[in-house]
Amino acid sequence: MIDLGAVYQVAVDVADASGTPTNPADATLTIILPDGTTVGPAVPAPTTTGQLRVDYVTAQTGRHVWRLVTSGPTTAYADVFDVQPAAPDSIVSLAEARAHLNMRPDETSDDDELRGFIAAATRAVERALGRKVVRRTLVDRFDLRGPTTQVMLRNVPVQSITSVVSADGATTWNVADLQVDGETGLVTVVSGARLTGSVDITSQAGMSVIPDDYRLAGKIIIGHLWETQRGTMGVQLGDNDEAYVPGRSYAVPRRALELLDAALPGVA
């Protein structure tokens, strides 16, 4: 995962039919951006024979697809990379996760991979709770068959509504005319025109302060996933009294669910 505004390097090693590194006669790079548009950064001449390197400064969040084609020799390479917001939605910081894993200050080579684990743990906590924890801007779309004075936002808790606009952008509603119940997400029109048609409601959802037990649950999930993925010495699935439950994986340890006060498997 690459941060928005950071540099992603397209790296391709070109060789001839015998496997000997060689500089191609021509090379063309195309990057398909998340919005569907394309860019074609120039491919500089290699400083080391056969090694094509292109530094691309990311400008959009989301999935990027690139393809590099050469001639003389004729080759084609493709890959993908994902760009996250400069301020990612994370239940804990990278520094907190590293401290929880007892990493030394100079152990930074796995930071990019660890960010992915933090993102996964954040989503796991929010799924277990059934609500947003990290505060972010979200859009709920409603396709209303007729005028109505109430709709229910899907992402809670709601901190505020920032805009209400029809999907085609032709109609807007004054957010001051709306009342929102932060816990339930119920939006009520208290004055002005009723909501109708296809409507996008943009809101700020999540917690202003993330409780310590939620943060600890996130760190437990991060540590658990890190250990099981890497086969840490002495760690096995089922350790720490994690009873196996058919149909449920070990992605979220029971002790993390208890901190979240979420329903435990097999417990009515």
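Partly exposed here means a relative accessible area between the buried limit, under 20%, and the exposed limit, over 50%. Keep that in mind as we walk through this predicted model, looking at its salt bridges.

**Stop 1: Asp13 and Arg53.** Select Asp13 to begin. At 49% relative accessibility, Asp13 counts as partly exposed. Now add Arg53, whose side chain forms a salt bridge with that of Asp13, at 3.0 Å from N to O. Colour strand S2 (residues 7–13), which holds Asp13, and strand S5 (residues 51–57), which holds Arg53; the pair therefore ties together parts that are 40 residues apart in sequence. Arg53 is also partly exposed, at 27% relative accessibility.

**Stop 2: Glu96 and Arg215.** Next, select these two side chains, which meet in a salt bridge of 2.2 Å, N to O. Glu96 sits in helix H1 (residues 94–100) and Arg215 in helix H3 (residues 212–230), so this pair links parts that are 119 residues apart in sequence. Both partners can be checked against the surface: Glu96 is partly exposed at 25%, and Arg215 is partly exposed at 23%.

**Stop 3: Arg104 and Asp106.** Show this pair as sticks, and you will find a salt bridge at 3.1 Å, N to O. Is Asp106 buried or exposed? With a relative accessible area of 55%, Asp106 is exposed, whereas Arg104, at 49%, counts as partly exposed.

**Stop 4: a network.** Finally, select Asp89, Arg123, Glu126 and Arg136 together: salt bridges link these four residues in a network.

If you would like to keep exploring, a search of the whole structure finds 14 salt bridges.

Key: Residues numbered from 1 in each chain as written. Predicted model: local features only at pLDDT ≥ 70, side-chain atom pairs only at ≥ 80, totals over all residues. Heavy atoms only, no water. Helix = DSSP H or I, 4+ residues; strand = E, 2+ residues; numbered from the N terminus. Buried < 20%, exposed > 50% of the residue type's maximum accessible area, 1.4 Å probe, protein only.
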